[in-house]
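Let's take a walk through this structure together, starting from its cross-links and working inwards. Keep the 3D view open as you read.

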Amino acid sequence: SISTYKAGLNWQVADSLRIRSMYQAATPAPSVFELFQAGDQGFPLYSEPCARLQQAQDPALYAFCQQTGISAPEGFIQNNSQVEAFFFGNPSLEEETSDTITFGFVARPSFAEGLQFSVDYWDITVDEYINLLFGGAQGVIDACFDSLDLNGPQCQSELIGEPLVFRDASGELKVNVPVVNSSELETSGIDVQGDYG
């Protein structure tokens, strides 16, 4: 059960000036694709954390790289600039909730017949924002390697029942990237428009 609403003001102050403002609460629902995407393959750019890693640089990361399947990280080379990634939907997604505030004016100056311009400020906040886990494949890799815990939630996914990060027989990284409700998205700006005719 969800609800949306909006309230607005549109005030013609004078022939040459109109003020407008609106507040809107919306609840965008997840799409069928976001709910049920079934492991589509992609090849985004990435950076391999274990490539040419010296033990003296970071002993903990060096040991973690060995746990992932690289026996000698100092000799491991990232041969490909792209990682093979698999993208999954999430049937447990909640709808997003958003608040949008706009305020602006439209002016038709009396000294310039045929001229009209408007200025509008807008501010949008989205909670439960639907996005790729950790922002995408590189974010998943970074979160897993930062955690140094192959069995932790940054490296394993109960949602898809598979590791988020794993290696193939040649040692190349592979990544599973589900869609989740991340925390919040905020954006704001000013639109300016003018015309003369």
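Start with the S-S bond of Cys50 and Cys65: its torsion is about -90°, so this disulfide is left-handed. The two sulfur atoms sit 2.0 Å apart. Bear in mind that what you're looking at is a predicted model.

What does this bond tie together? Cys50 is in the loop between β3 (38–42) and α2 (59–67), while Cys65 is in helix α2, so the link joins parts 15 residues apart in sequence. Cys50 is buried, with a relative accessible area of 0%. Cys65 also counts as buried, at 0% relative accessibility.

There are two disulfides in the structure, so let's go and find the partner to this one. A disulfide, remember, is a covalent bond between the sulfur atoms of two cysteines. Here the pair is Cys144 and Cys155, with their sulfur atoms 2.0 Å apart. The torsion about this S-S bond is about 105°, so the disulfide of Cys144 and Cys155 is right-handed. Cys144 belongs to helix α3 (residues 137–147) and Cys155 to the loop between α3 and β8 (156–157), so parts 11 residues apart in sequence are tied together. Cys144 and Cys155 are both buried. If you number the bonded cysteines in sequence order, the pairing reads 1-2, 3-4.

Now back to α2, the helix that carries Cys65. Which of its residues are buried? Look for Leu61, Tyr62, Phe64 and Cys65. Viewed down the axis of α2, the buried residues fall within an arc of 165°, so they line one face of the helix. The general background is familiar: an α-helix has 3.6 residues a turn, so residues three or four places apart point the same way. And what do the buried residues of α2 pack against? The answer is α3. Just past the helix, look at Gly69, which follows α2 and has a positive phi, near 120°.

That brings us to the largest nonpolar core, a set of 25 residues. The members that touch the most others are Val140, Phe145, Val165, Leu173 and Val175. Two or more residues of this core come from each of α2, β4 (84–88), α3 and β11 (173–181). The largest share is that of α3, with five residues. Zoom in on Val140 for a sense of the surroundings: leaving out residues up to four places away in sequence, Val140 touches Leu133, Phe134, Gln154, Leu164, Val165, Val175, Asn176 and Val177.

Two more stops are worth making, both involving strand β6 or the loop leading to it. Ser118 lies in β6. Is this serine buried or exposed? With a relative accessible area of 9%, Ser118 is buried. Beyond its neighbours within four places in sequence, Ser118 is in contact with Arg20, Phe105, Val106, Asp191, Val192 and Gln193.

Finally, step back to Pro109, in the loop between β5 (97–107) and β6 (115–127). Pro109 is buried too, with a relative accessible area of 14%. Setting aside neighbours within four places in sequence, its contacts are Leu115 and Phe117. For a sense of distance, try Asp123: Pro109 and Asp123 are 14 residues apart in sequence, and their C-alpha atoms are 27 Å apart in space.

Methods
Residues numbered from 1 in each chain as written. Predicted model: local features only at pLDDT ≥ 70, side-chain atom pairs only at ≥ 80, totals over all residues. Heavy atoms only, no water. Disulfide = S-S within 2.5 Å. Helix = DSSP H or I, 4+ residues; strand = E, 2+ residues; numbered from the N terminus. Buried < 20%, exposed > 50% of the residue type's maximum accessible area, 1.4 Å probe, protein only. Contact = heavy atoms within 4.5 Å. Core = buried A, V, L, I, M, F, W, Y, C linked by side-chain atoms within 4.5 Å. Arc of directions from axis to C-beta.
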